[in-house]
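User: Could you take a close look at one part of this model for me? I'd like one helix and its surroundings, then whatever else is worth pointing out.

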Amino acid sequence: MTDTTKTTVTGGSRQPTELRMARDALRCLREDLLTGAFAFRPLPALSGDRPLLRRLPDAVRGPVRRLPHLAVVALALLLMFVEVADGYHDEGNAFLRALLLGVPLVLVLFRPVGAFWLSIAGLFVVVLFIGSSWSTWPWTVAAFVAHLVLMLIVAARSRTRVAAHLWWVTALAGWAATEMGAQGYGTNSFAMAVVSGLALVFLLCLRGWRDSRRQVVEQVAVAEEERSRRTLLEERTTIARELHDVVAHHMSVVAIQAEAAPYRVQDPPEELVAALAGIRENAVTALTELRRVLGVVRADLPADLDEWGPEAPQPTLAELDDLLANVRRAGLEVESVTTGRVRTLPQGVELSAYRIVQEALSNALRHAPGAAARIELGYVPMGLGLRIVNGPPDGLAKASSGGEGVAGAGHGLLGMRERAAMLGGELTAEATDDGGFVVEAFLPGERSESVEAAAEAGTVTGGGGAC
């Protein structure tokens, strides 16, 4: 039985797999450590958005951002001093060895890969031309630390596979330098291989952990944004259905009245009949286009959002008492105060006001169990003012509900603001000083229903992409 070498076909010739792998390894080594080795790649300063840096004054923030650079330079000076102090009996060679370990450590701040090769070259210069006796060979203690720190900086600033290349080159250089003539009492090339290998593995693990954390944070942000958009989509879908009911009702009335008007007048002029026929035709066309637009919106919805609900009359402020009674049965103490002359507002305003009150009371039930709420309706000549305020949650009720009430989507305010903006109004929501919450809105109601319906239709069709 004979061993066979696995081969692959490349360009019409068969090559052993081992040879191909060796060539790929050499190609990667050349790309990582040789191509553009001395390219200018300065070490960036610390990011200015770090919490610690944001608390510092502007005059101090600049130098603090350069702390990594200052730390590397200070370490280089310290190791050079240690090298000179250890070689006091041979000051000339000790000073030259200090330069050969300090210069690459400073150069790594600007040309990382080139600094690594300069450190390796300095090792062989010391071994071949400046050799002297010290306790370990081929690295002195200061040179050992300097080269190890330099490797870590280069690996931290390069792709993952560069760490393996740095380790192999360092181990090979240490073995070659040892074979060239070990002096003193021992060799530390094996210690360099072990320590640098462990340090690089730790560095790669730390980098992987940081990358994983960053990816998780990014995914959470994307998921939160998607949930917010989905909640807004659900609310806009509901508004689109309600808008369809409001506009379709009025356009149907217009069409019927335009069709019946000629029969209410004896011998109507032909011009009037033609004008009424045009009005009816435009109303029917508007209804058709409205259904077509909403059909497209409905077709683009996900399956679980394509639930339009039963056909039923939309609620108005006249049904607010039923809503308050239902909320009181759920355990929320609520009172209602109305000021101004009560009158019937456009259907869109009534519906939006009802929904805003409903959502505000639902939020109070979820997030402030045991609190009391107050609803203020202010009828003014220009429209309707709303103010829904609830007090802080009751301590006993909050404890019994688990501390946070019933979990909700957390985006109810989006729908309320959307409804107010649809009518040209505005809405604010904020916490009160006593720990409660207040929602204030103004819904203009002076516009005619046809103008309001056109504005609402423009809002929904203009946001068709989001829906």
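Analyst: Let's start just past the helix: Gly-331 follows H11 and has a positive phi, near 110°. Before going further, a word on the ground rules: this is a predicted model, where local features need pLDDT of at least 70, side-chain atom pairs count only at pLDDT 80 or more, and totals for chains, interfaces and linings use all residues. Residues are numbered from 1 along each chain as its sequence is written, and side-chain values use heavy atoms, leaving out hydrogens and water. Helices (H or I, at least four residues) and strands (E, at least two) are DSSP runs, numbered from the N terminus.

Now H11 itself, residues 320-329: Leu-320, Leu-323, Leu-324 and Val-327 are buried there (buried is under 20% relative accessible area, exposed over 50%, partly exposed in between, with a 1.4 Å probe and protein chains only). These four sit on the same side of H11 because they cover an arc of only 95° around the axis, the arc being that of the directions from the helix axis to the C-beta atoms. The background is simple: an α-helix has 3.6 residues a turn, so residues three or four places apart point the same way. Flip to the other side of H11 and you find Asp-321, Asp-322 and Arg-329 exposed.

What covers the buried residues? Among the elements doing so are strand S3 (333-339), helix H12 (347-367) and strand S4 (372-380), with contact meaning heavy atoms within 4.5 Å.

Elsewhere, Arg-419 lies in helix H14 (residues 412-422) and counts as buried because its relative accessibility is 4%. Not counting residues up to four places away in sequence, Arg-419 touches Glu-235, Thr-238, Ile-239, Glu-242, Ser-352 and Arg-355.
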